Amino acid sequence: MVPLQDEVTETLVVRARDGDDAAWARLVERYSAMLWAIARGYGLCDADAGDVVQTVWLRLVERLDGLRDPSAVGGWLATTARRESTRLAARRGRDLPPSVAPPAAEPGPPPDQVVVARERVGQVAAALSALPRRCQTLLRLVAQAACHAELAAALRIPVGSVGPTRARCLATLRRLVG
């Protein structure tokens, strides 16, 4: 994982505050995947997760001038995404069916390889769903967050706990996959 440089993030925020569209685009590119992962970590369907991500960016636009530490915008975005996800999940409940489109058929590997690969993915998915909720969320965010500080902010844990917690979650996942 390559950590974001706070100076670069701070510069992007300042430039976005000054109306630089390219800076906004870089911020959106950098943090949107993390916001989606947080929203999905709350069990929200694609449409609701999209609403959360859109609302978080709107909140940033509304409060950009008031940010005390522009270099910490990743943590601010993660916290806001958690709050919006909690609010929306509470309002709509978690029993809504996901709006996942069926996968399109692709010409490619022979059917036996596809079956083996799908079985493996199914094993990993089953193992992931058997993990405690906190581990599920952490492993989703690991792939999306740029640094441990953002993960810590998203999960509300100390920065020093991210690595050991991640290691424990991965060890549990490996045991479950077998």
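**Helix packing and exposure, reasoned from the cut-offs**

Student: What makes Arg156 count as exposed?

Tutor: Its relative accessibility comes to 59%. Exposed means over 50%, so Arg156 earns the label at 59%. Bear in mind that this is a predicted model.

Student: Where does Arg156 sit?

Tutor: Arg156 is in the loop between α7 and α8. Its backbone is worth a look too: phi is positive, at about 60 degrees, although Arg156 is not a glycine.

Student: What sign of phi do most residues other than glycine have?

Tutor: Most of them have a negative phi. Arg156, with its positive value, has the other sign.

Student: Why is Val14 called partly exposed?

Tutor: Val14 has 33% relative accessibility. Buried needs a value under 20% and exposed one over 50%, so 33% falls in between and Val14 is partly exposed. This residue lies in helix α1. Its C-alpha atom is 9.4 Å from that of Ser71, and 57 residues of chain separate the two.

Student: And what makes Arg140 partly exposed?

Tutor: The reasoning works out alike. Arg140 has a relative accessible area of 37%, and partly exposed covers what lies between under 20% and over 50%. Arg140 belongs to helix α6.

Student: Which residues does Arg140 touch?

Tutor: Setting aside residues up to four places away in sequence, Arg140 touches Ala37, Arg40 and Gly41. Arg40 is 100 residues from Arg140 along the chain, yet their C-alpha atoms are separated by 8.8 Å.

Student: How many helices and strands does the chain have?

Tutor: Eight helices and zero strands. The pattern along the sequence is accordingly α-α-α-α-α-α-α-α.

Student: What share of contacts joins residues at least 24 apart?

Tutor: Among contacts between residues at least 6 apart in sequence, 67% join residues at least 24 apart.

Student: Now the helix pairs. How do you know that α4 and α7 are roughly parallel?

Tutor: Start with the angle: α4 (residues 73–92) and α7 (residues 148–155) pack at about 25 degrees, their axes 8 Å apart. Angles under 35 degrees count as roughly parallel, and therefore α4 and α7 are roughly parallel to each other. Their crossing is right-handed. On the α4 side the contact involves Gly74, Gly75, Ala78, Thr79 and Arg82, and on the α7 side Glu150, Ala153, Ala154 and Leu155. By class, these residues are four nonpolar, three polar and two charged.

Student: Why are α6 and α8 called roughly perpendicular?

Tutor: The axes of α6 (residues 133–142) and α8 (residues 159–177) cross at roughly 110 degrees and come within 10 Å. Roughly perpendicular spans 65 to 115 degrees, so α6 and α8 qualify. Cys135, Leu138, Leu139 and Val142 make the contact from α6, with Val162, Thr165, Arg166, Cys169, Leu170 and Leu173 from α8. Eight of the residues in the contact are nonpolar, one is polar and one charged.

Student: What makes α3 oblique to α4?

Tutor: The two axes cross at roughly 135 degrees and come within 9 Å. Roughly perpendicular ends at 115 degrees and roughly antiparallel needs over 145, so α3 is left as oblique to α4. The crossing is right-handed. Residues meeting here include Trp57 and Arg59 of α3 and Trp76 and Leu77 of α4. The contact has nine nonpolar, three polar and six charged residues.

Student: Which residues touch the most other members of the largest nonpolar core?

Tutor: Trp57 and Leu77, in a core of 44 residues. α1 (6–17), α2 (21–41), α3 (46–63), α4, α6, α7 and α8 each supply at least two of its residues, and α2 gives the largest share, nine residues.

Student: What does Trp57 touch?

Tutor: Leaving out residues up to four places away in sequence, Trp57 touches Trp24, Leu27, Val28, Tyr31, Ser32, Leu35 and Leu77.

Student: How do nonpolar side chains tend to be placed in soluble globular proteins?

Tutor: They tend to be buried together. In this chain of 178 residues, buried ones make up 38%, where buried means under 20% relative accessible area.

How values were computed
Residues numbered from 1 in each chain as written. Predicted model: local features only at pLDDT ≥ 70, side-chain atom pairs only at ≥ 80, totals over all residues. Heavy atoms only, no water. Axes fitted to C-alpha atoms, helices over the stretch in contact; angles between N-to-C directions. Helix = DSSP H or I, 4+ residues; strand = E, 2+ residues; numbered from the N terminus. Left-handed = near helix turned anticlockwise from the far one by under 90°. Contact = heavy atoms within 4.5 Å. Nonpolar A, V, L, I, M, F, W, Y, C, P; charged D, E, K, R; others polar. Core = buried A, V, L, I, M, F, W, Y, C linked by side-chain atoms within 4.5 Å. Buried < 20%, exposed > 50% of the residue type's maximum accessible area, 1.4 Å probe, protein only.
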